[in-house]
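Colleague: Mind walking me through this model before I set anything up? I'd like the fold, then a few local details.

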Amino acid sequence: VDGGTYSVELWAGVAESGRKRDPGGVKKAVFRGVTHLNLDAKGRMAFPSRYRDRLMGLCEGEVVATIDYESPCLMLYPLPEWEVLEQQLVKLPTLNPQARRLQRLLIGHAHDLQLDGSGRVLLPQPLRDYADLNKKIVLVGQVHRFELWDADAWEQARTDWLQEAREEGTPEELGGLTL
């Protein structure tokens, strides 16, 4: 009521849009869930409508796609989120071989994408090749970004992760987590 953290103005529209403003006034988007999609013959992917509105409000439909250097998938960032990451990457010491490798892989493979009027983006062929994206794909929300997987690769990775979790048990650091 007084314009503070719990003001109506600050939190207005959270339920409808999935966006909120942090106390600093910056729009934040929350992306979560697994969605099975199809690539069309031209290599375009249509964002589900529940994400489309958030992306348009957050970044006017401008996203950046790059490779995941550890897994055979792509990472898609709303432009403001990518710009934060990119600034962190460029500040890394270029004489450090691991830092330089990370810069080359993430920034070097980055492509600016724009949602069209139907909420689709054209995924560049080199990125589709890296992640082996064909017709059936999976979009995985990761709060501030998305991962984009080939459907078969996603199913295999998920199965592997579940098996590893069963075999390894719960790490000490996660012992206090309540699910």
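What follows is a short set of questions and answers on this model.

Colleague: Before the details, what am I looking at, and how many helices and strands are there in the protein?

Modeller: This is a predicted model, where local features need pLDDT of at least 70, side-chain atom pairs count only at pLDDT 80 or more, and totals for chains, interfaces and linings use all residues. Residues are numbered from 1 along each chain as its sequence is written, and side-chain values use heavy atoms, with hydrogens and water left out. Helices (H or I, at least four residues) and strands (E, at least two) are DSSP runs, numbered from the N terminus. On that basis, the protein has seven helices and ten strands.

Colleague: What share of the 179 residues is buried?

Modeller: Buried means under 20% relative accessible area, exposed over 50%, and partly exposed in between (1.4 Å probe, protein chains only). The protein exposes about 11100 Å² by the Shrake-Rupley method with a 1.4 Å probe, and carbon and sulfur atoms supply 52% of that area. Of the 179 residues, the buried share is 36%.

Colleague: Which strands are at the edges of the six-stranded sheet?

Modeller: The sheet is open, pairing is antiparallel, and the order runs β3-β9-β10-β6-β5-β7. Strands count as paired if DSSP finds at least two bridges between them. The strands that pair on one side only are β3 (31-38) and β7 (111-114).

Colleague: And which helix packs on that sheet?

Modeller: Start with β5 (residues 62-67) and β6 (residues 74-78), an antiparallel pair joined over five bridges. The helix touches β5, β6 and β7 (contact being heavy atoms within 4.5 Å). Its direction makes about 110° with that of β6, using axes fitted to C-alpha atoms, for helices over the stretch in contact, and angles from 0 to 180 degrees between N-to-C directions. The helix is α4 (residues 79-90).

Colleague: Why do the buried residues of α3 line one face of the helix?

Modeller: In α3 (residues 49-59), the buried set is Y51, R54, L55, L58 and C59. Seen down the axis, with directions taken from the helix axis to the C-beta atoms, these buried residues line one face because they fall within an arc of 100°.

Colleague: Which exposed residues does the face of α3 turned away from its buried side carry?

Modeller: An α-helix has 3.6 residues a turn, so residues three or four places apart point the same way. On α3, the face turned away from the buried side carries S49 and D53.

Colleague: Is Q103 buried or exposed?

Modeller: Q103 is found in helix α5 (residues 97-108). Beyond its neighbours within four places in sequence, Q103 is in contact with L89, V90, L92, T94 and G108. Its relative accessible area is 6%, so Q103 is buried.

Colleague: Which side chain makes a polar contact with that of Q103?

Modeller: A polar contact is a pair of N or O atoms within 3.5 Å; within protein, one must be able to donate a hydrogen and the other to accept it, and residues adjacent in sequence count only if both atoms are side-chain atoms. At 3.2 Å, the partner of Q103 is R100.

Colleague: Which residue in strand β9 has a positive phi?

Modeller: Most residues other than glycine have a negative phi. The residue lies in strand β9 and counts as partly exposed at 49% relative accessibility. With a phi of about 70°, it is V143.
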